[in-house]
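Grab a pencil and open the viewer. Here are a few short exercises to work through, each with a solution.

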Amino acid sequence: MSLPPDRLNRFARHIVLPEVGGAGQVALAEAHVVLVGCGGIGSPALQYLAGAGVGRLTLIDSDTVDASNLQRQTIFTPDDIGQPKAEVAGAWVRRFDPALEVSAAVERIDPGNAARLISGATVVLDGCDNFATRLAISDACVAARVPLTSAAIGRFQGQLANFAGHLPDQPCYRCFVGDAFDADDCDTCAADGVLGAMAGLMGSFAAMHAIRVILAGVSTLGDPQLGQLQLFDGLAPRLRSLRIAKDAACRGCGGREE
Ligand SMILES: [Zn+2]
């Protein structure tokens, strides 16, 4: 695949980077990102993934736009209140870059539909707001051997990691959080609050992590840093990085071998 002149111009600032280059831009154009959650993390992540020319985007969110979302969910305006987030986000992508292929699913991911919804993904970016959905996505990614970029925020804390639990010695998201949160009772944004700019920062960071996965084996930015947790403290501010261990007894990835 080569890029036509108008695309070369649109992505010139990527292509000139040795860490991305023409081959990297082609890989982005051929990639399929499944974005779960079009909210605080998903909105800015989507803007930078679409801006990066990710050729195919699947947007999943069962929620509708509420006035209280506008403080941090950057793709929505007051005209969108009451509309399904996934559909509004899809329309945003079509306006932004008609060359991208986008589909919207107004569905809530659960263990029954996760495999279908993530099918064919190069990478899944999870910015959803509850542990039950996160675990369902993680288990489906391990089963389908699809890498997962997982990002979360609360108040002034952000966390981010790339996972590939289908690989030997690589943890999955379930190795990280355990089984305690399968019950859907951990949605903390509404109760605890979150600074809007924190969502922007972690959403952009998540888009960059997904791009690392897409560029793996293509260009030097393609170091996915699998199993390496990034913890951002927005109050200090400070970034810490820790290695997550694979749990041999994990229900999601334990006992699976390459
Ligand atoms: Zn695991």
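The exercises below go from the whole chain down to single backbone spots.

This is a predicted model, where local features need pLDDT of at least 70, side-chain atom pairs count only at pLDDT 80 or more, and totals for chains, interfaces and linings use all residues. Residues are numbered from 1 along each chain as its sequence is written, and side-chain values use heavy atoms, with hydrogens and water left out.

**Exercise 1.** Work out how the radius of gyration of the protein fits a compact globule.

*Solution.* Start with the rule: 2.2 Å times the number of residues to the power 0.38, with the radius taken over C-alpha atoms. For 258 residues that gives near 18 Å, and the protein has 17 Å, so the two agree. Next, burial: 51% of the residues count as buried (under 20% relative accessible area, 1.4 Å probe, protein chains only).

**Exercise 2.** Find the cis peptide bond and place its proline.

*Solution.* Look at Ala236 and Pro237: the bond joining them is cis, with omega about -15 degrees. Then place Pro237: it sits in the loop between strand E7 (228-233) and strand E8 (238-243). Strands here are DSSP runs of E, at least two residues, and helices are runs of H or I, at least four, numbered from the N terminus.

**Exercise 3.** Where does Arg155 lie, and is it buried or partly exposed?

*Solution.* First, the backbone: Arg155 isn't a glycine, yet its phi is positive, about 50 degrees. Second, the place: Arg155 is in the loop between strand E5 (148-154) and strand E6 (157-163). Third, the surface: Arg155 has 48% relative accessibility, so it counts as partly exposed (from 20% to 50%).
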